[in-house]
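Here are my notes on the model you sent, set out as numbered points so that each can be checked against the coordinates.

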Amino acid sequence: QNDEFVVIVGSSGVGKTTLANRFEKFVTDTGGIFISGKFDQLKQSVPFPAISCAFNEYCNFLVSDVGSRESVEIATTLRESFGPDACYLAKLIPNLSMIFGDFDDCDDVNDCVNAEKRLQYLLCRFVEIISSFSPHPIVLFLDDLQWADKASINLLSQLLVESRFSRFLIVGACRDDEMGHDHPIWHMVSTVRNLGMKAMIVKTSLLDKTTMNAMISDILCLSPRVTRSLSDIVHHKTKGNPLFFSRLMISLNKEGVVQFSLSRRRWVWDEEKILSRKVPDDVAKLLTGAICQLSPDVQAGLCALSCFGASVDVSIVEILERYLDLQLKSSLEVAVKECFLDKINGRYTFSHDRVQEATYNMMSTKERAMRHSQYGVAIYSDAIQSGRTDELLFTAMDQINLGGPTFIMDPEQRALIAGLNLQAGKKAMDVSDFLSASSFFDYGMSFLKEDLWRTRYDLTLALFDNAARCSYAIGDHEKVKALSEQVLTSAGSFSDKLNVMYY
């Protein structure tokens, strides 16, 4: 139905993403298009990560379906509708170049507020065109909304509030038990409903005993009557959490407590051993224990991957192997076989967010920071040599900034990193993500020493000036005032002070 927004809510491991994956199969089996993106706790400064990923996926679909009449009509209408303005949208959706060809450089626009509104308008128009020409529904699925950045939520709100699309549905998933009542997602749901639009909340819950028994019965190919005693024990220990249940069953099988008997030609189990087995009261602790049973090399590989969030491209793993003399691939393949990772389309993806979180939390704060710094420097070094700085800049700076300035001692290297943050911030501004841009500028300042105005005057002025522009765009007037006062006090000429005098 038109104008509908669906949010799947529930605790971690309860099956939100699995439900969405089942829905994807239904959509695609009936001829629809399902595009998806995922927000990540460790990729907060990357501009519009989930939305960009999803619509890039749509462009790939459109190009692969190039012979169909609908695809030709959509591509033609997009070219006619956007004209030269397409270059601005291409900053959010780089794969648009597959439809439009190469773009001319966009005009530099200093009006940050209007730049954000322009991006919102262009994306709404884009969705309006693709949904109106598509004979089948298009579903946009955004996972882990609890980690969505404010800029993405604003863009998503605009899609919901300002436009009326036929055959276009937005579905999100989030851990509602980890979100306060003041989370921007709930405000967005309330706004949608107040405008008379449909916003459906789908609550996923823990498995009851009957359902868990039916699952175990199906897995072991035994009647529910036979498996009931086992399922009662497992339900008591897992409290009905599907992720907890699946990991516990794998663990029990590995330990030989649940195993296939050739003599009896059926699965058997030792109830006394299962009852006496100490099981952590939290799925994260169970996962940590399972990870600790892996070889040190596999653990090290998982720890390296966890620093990049839920997934990472194989090419990044290859960079780490080259520059840091690590042997990761063979270890990661073992992790894939052990069901801690999936390897799909050239990306390693943790089988569940909880696996990534458990691995990441196994490291101390100091070790995590050190790894982030090393990985970021390695990625940027490779980007310079391979000429992929535009492609890898955000990934490199995300890692370096997560590591912080502690492990970067050389003043020249710190200044270089501050300059790279300035570059990344400007690139984020080009996409009209002023929150991410502001974060990059703040990180850039943190890498410079206290006498930054004396030792790195031009770089410092550029960081403060651009940070003030971003703060003005997002309405943080207190920060605008603080930054402007710094510039007015420390800048060496009237022309250098001129920009901030307008805020």
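The points below go through a helix pair, an arginine, the aromatic residues, a strand, two loop residues and a leucine.

1. Please keep in mind throughout that this is a predicted model, and that the distances, angles and accessibilities quoted here are therefore values computed from a prediction.

2. I would begin with helices α7 (residues 150–161) and α8 (residues 184–194), whose axes come within 10 Å of each other and cross at roughly 10°. Because angles under 35 degrees count as roughly parallel, α7 is described as roughly parallel to α8. On the α7 side the contact is made by Ile153, Leu156, Ser157, Leu160 and Val161, which meet Pro184, Ile185, Met188, Thr191 and Val192 of α8. Sorted by class, the contact of α7 with α8 holds eight nonpolar residues and two polar ones, with no charged residue.

3. Arg354, which belongs to helix α17 (residues 353–361), deserves a look at its side chain. One polar contact, of 3.0 Å, runs from the side chain of Arg354 to the side chain of Ser12, and a polar contact of 3.0 Å also joins the Arg354 side chain to that of Glu357. Leaving aside residues up to four places away in sequence, Arg354 touches Ser12, Arg175, Glu178, Leu243, Val283 and Leu287.

4. How many aromatic pairs are there in the model? With ring centres required to lie within 6.5 Å, the count comes to 11 aromatic pairs. One of them is formed by Tyr58 and Phe61, a tilted pair with 6.4 Å between the ring centres and 40° between the planes. Tyr58 and Phe61 are three residues apart in helix α2 (residues 49–64), so about one helical turn separates them. As for burial, Tyr58 counts as buried because its relative accessibility is 1%, whereas Phe61, at 32% relative accessibility, counts as partly exposed.

5. Phe394 and Phe440 form a stacked aromatic pair, 5.6 Å from centre to centre and with 25° between the planes. This pair links distant parts of the chain, since Phe394 sits in helix α19 (residues 389–403) and Phe440 in helix α21 (residues 434–446), 46 residues apart. Both Phe394 and Phe440 are buried.

6. An aromatic cluster is formed by Phe23, Phe26, Phe34 and Phe141, and the last of these residues leads to strand β3, where Phe141 lies. Phe141 has a relative accessible area of 4% and is therefore buried. Not counting residues up to four places away in sequence, Phe141 touches Ala20, Phe34, Ile35, Ser36, Gly37, Val171, Gly172 and Ala173. Between Phe141 and Ile93, which are 48 residues apart in sequence, the C-alpha to C-alpha distance is 16 Å.

7. Is Asp143, in strand β3 (residues 138–143), buried or exposed? Its relative accessibility is 6%, so Asp143 counts as buried. With residues up to four places away in sequence again left out, Asp143 touches Thr17, Gly37, Lys38, Phe39 and Ala173.

8. Two backbone conformations could be looked at together. Arg265 has a positive phi of about 55° although it is not a glycine, and Arg265 is placed in the loop between β6 (258–261) and β7 (266–269). With 73% relative accessibility, Arg265 counts as exposed. Asp325, also not a glycine, has a positive phi of about 55°, and it lies in the loop between α15 (314–324) and α16 (329–337). The relative accessible area of Asp325 is 64%, so this residue is exposed.

9. Finally, I would note Leu483 in helix α24 (residues 477–490), which is buried because its relative accessible area is 7%. Outside the residues up to four places away in sequence, Leu483 touches Met445, Phe464, Ala467, Ala468 and Ser471. Leu483 and Ala467 are 16 residues apart in sequence, and their C-alpha atoms are 7.5 Å apart in space.

Key
Residues are numbered from 1 along each chain as its sequence is written. This is a predicted model: local features need pLDDT of at least 70, side-chain atom pairs count only at pLDDT 80 or more; totals for chains, interfaces and linings use all residues. Side-chain values use heavy atoms; hydrogens and water are left out. Axes are lines fitted to C-alpha atoms, for helices over the stretch in contact, and angles run from 0 to 180 degrees between N-to-C directions. Helices (H or I, at least four residues) and strands (E, at least two) are DSSP runs, numbered from the N terminus. Angles under 35 degrees count as roughly parallel, over 145 as roughly antiparallel, 65 to 115 as roughly perpendicular and the rest as oblique. Contact means heavy atoms within 4.5 Å. Ala, Val, Leu, Ile, Met, Phe, Trp, Tyr, Cys and Pro count as nonpolar, Asp, Glu, Lys and Arg as charged, and the others, Gly among them, as polar. A polar contact is a pair of N or O atoms within 3.5 Å; within protein, one must be able to donate a hydrogen and the other to accept it, and residues adjacent in sequence count only if both atoms are side-chain atoms. Rings of Phe, Tyr and Trp (its six-membered ring) pair if their centres lie within 6.5 Å; planes under 30 degrees apart count as stacked, over 60 as edge-to-face and the rest as tilted. Buried means under 20% relative accessible area, exposed over 50%, partly exposed in between (1.4 Å probe, protein chains only).
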